[in-house]
Amino acid sequence: MKPFLTGHSDLVHDISYDFYGRRVATCSSDQHIKVFKLDKETNEWELSESWKAHDSSIVSLDWAAPEFGRIIASVSYDKTIKLWEEDPDALELSGKRWQKLCTLNDATGPLFSVKFAPSHLGLRLAALGNDGKLRLYDALESSDLRSWTLTSEITVLNTPPASHLQSDFCLSWCPSRFSTERLVISAMDQATIYQRNKQGKLVPAGHLKGHTGLIRSIAWAPSVGRWYQLIATGCKDGKLRIFKVTESRNNGTNIINEENDNNANIERDGPPIDSSAIDADGSVANLHVELISEHSDHQGEVWSVSWNLTGTILSSTGDDGKIRLWKASYSNEFRCMSVVQAAR
């Protein structure tokens, strides 16, 4: 592992790979987005394009699935979401390769997180920010990516934090195409799972409890080969936490494995489950959230968590300047399997 210079003149807030891992986008307080491509021969990251994208610090960005084209969404403290599309015919480093599709400006406070939904849900994105509102947008016509519609606006924080206080907001979509639409959001030190009900509304379905500081990062794991879901969080309180999400259906079918660890902190008292939250087969899915693993190896704030494509390995970064890789043992206990430190 070795670092490469981004050329940003201020703090880099976010980094995002495209679907194939051959390109990476970065955003910074210098109000610029930069896109790098991987040179196959030298294995070095080369700058493809750089442009001023917002009028304030850019704190989050994400790539759309490749079937929708070469699209990046970005959010900023300037309260806007911007969508960008690449023109592959334009010269690299010309300043014209990435063109703005549109600007979405419904937010009334700085935005902290933006994520495209899994591709099976269509071209949809969610954004969350300091005004305590979760907003979902859909591109209703694939032929017109300049037109986006606000389809949901949900209050996730009744009282927005004061402007002089430190705050953080994150979101992550459930990647499974075999369950109802779900996403998990964190607002300050609270994390909640939302799911789509039969009226088409996103309703609270469970809480991730135990955080005693700002939640810096949240990640929903792909569930390849698993009958349950995993969600990881990184927190200012110095803890990496992993939660297990299981469901039972109100048609009498119980799919909760009662072999849960005796030490698991099973949440039973979250927000009331909406009886109209229908699963793909028409039955009602009641979610149960368990804290199954908690670690303080970073000895300071945990700033980022991310799963691999199969949801079997979790990476985390923190104030110790190291990347830690976590994997479940045969007894389903997550343990640190490797520690990586960048060369200096």
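The points below comment on a predicted model, taking its confidence, its nonpolar cores, one of its sheets and its salt bridges in turn.

1. Confidence. The protein chain has a mean pLDDT of 87, and 88% of its residues reach 70 or more. Among the elements of the chain, confidence is highest in S6, at 98, whereas strand S20 (residues 265–267) has the lowest value, a mean of 38. The pLDDT is below 50 over residues 251–284, a stretch that nevertheless has 68 contacts in the model beyond near neighbours in sequence. Any reading of those contacts should keep the pLDDT of the stretch in view.

2. The largest nonpolar core. This core holds 21 residues, and the members that touch the most others are Ile81, Leu83, Phe116, Leu125 and Trp148. Two or more residues each are supplied by strand S6 (71–76), strand S7 (81–86), strand S8 (98–104), strand S9 (111–116) and strand S10 (124–129). In soluble globular proteins, nonpolar side chains tend to be buried together.

3. Ile81 and its surroundings. When neighbours within four places in sequence are set aside, the residues in contact with Ile81 are Ser74, Val75, Cys102, Thr103, Leu104, Leu111, Leu125, Ala127 and Tyr137. Of these contacts, Leu125 is itself named among the core members that touch the most others.

4. A second core. Separate from the core around Ile81 there is another, of 19 residues, whose members include Leu134, Val156, Leu171 and Trp173.

5. The sheet S22 to S25. Four strands form an open sheet in the order S22-S23-S24-S25, and their pairing is antiparallel. Strand S22 (302–307) and strand S25 (334–340) are the edge strands, each of them pairing on one side only. With direction ignored, neighbouring strands of the sheet are turned against each other by 25° on average. Strand S24 (residues 323–328) pairs with S25 in the antiparallel sense over 6 bridges, and Arg324 stands opposite Val339 in S25.

6. Salt bridges with buried partners. The count of salt bridges comes to 19. Side chains of opposite charge can pair when their charged atoms come close. One such bridge joins Arg97 and Glu86, at 2.6 Å from N to O, and it links distant parts of the chain, with Arg97 in the loop between S7 and S8 and Glu86 in strand S7, 11 residues apart. Arg97 counts as buried because its relative accessibility is 10%, under the 20% limit, and Glu86 is likewise buried, since its relative accessible area is 6%. Another bridge joins Arg196 and Glu181, at 3.0 Å from N to O; here Arg196 lies in strand S15 (residues 190–196) and Glu181 in the loop between strand S13 (169–173) and strand S14 (182–187), 15 residues apart. Both Arg196 and Glu181 are buried.

7. A salt bridge with accessible partners. The bridge between Glu333 and Arg335 has its closest N and O atoms 3.4 Å apart. Glu333 counts as partly exposed because its relative accessibility of 39% lies between the 20% and 50% limits, whereas Arg335 is exposed, its relative accessible area being 52%.

8. A shared network. Salt bridges with partners in common join Asp18, Arg23, Arg70, Glu86 and Arg97 into one network. The buried pair Arg97 and Glu86 therefore belongs to this network.

Notes:
Residues numbered from 1 in each chain as written. Predicted model: local features only at pLDDT ≥ 70, side-chain atom pairs only at ≥ 80, totals over all residues. Heavy atoms only, no water. Core = buried A, V, L, I, M, F, W, Y, C linked by side-chain atoms within 4.5 Å. Buried < 20%, exposed > 50% of the residue type's maximum accessible area, 1.4 Å probe, protein only. Contact = heavy atoms within 4.5 Å. Pairing = 2+ DSSP bridges. Axes fitted to C-alpha atoms, helices over the stretch in contact; angles between N-to-C directions. Salt bridge = Lys/Arg side-chain N within 4 Å of Asp/Glu carboxyl O. pLDDT = per-residue confidence, 0-100.
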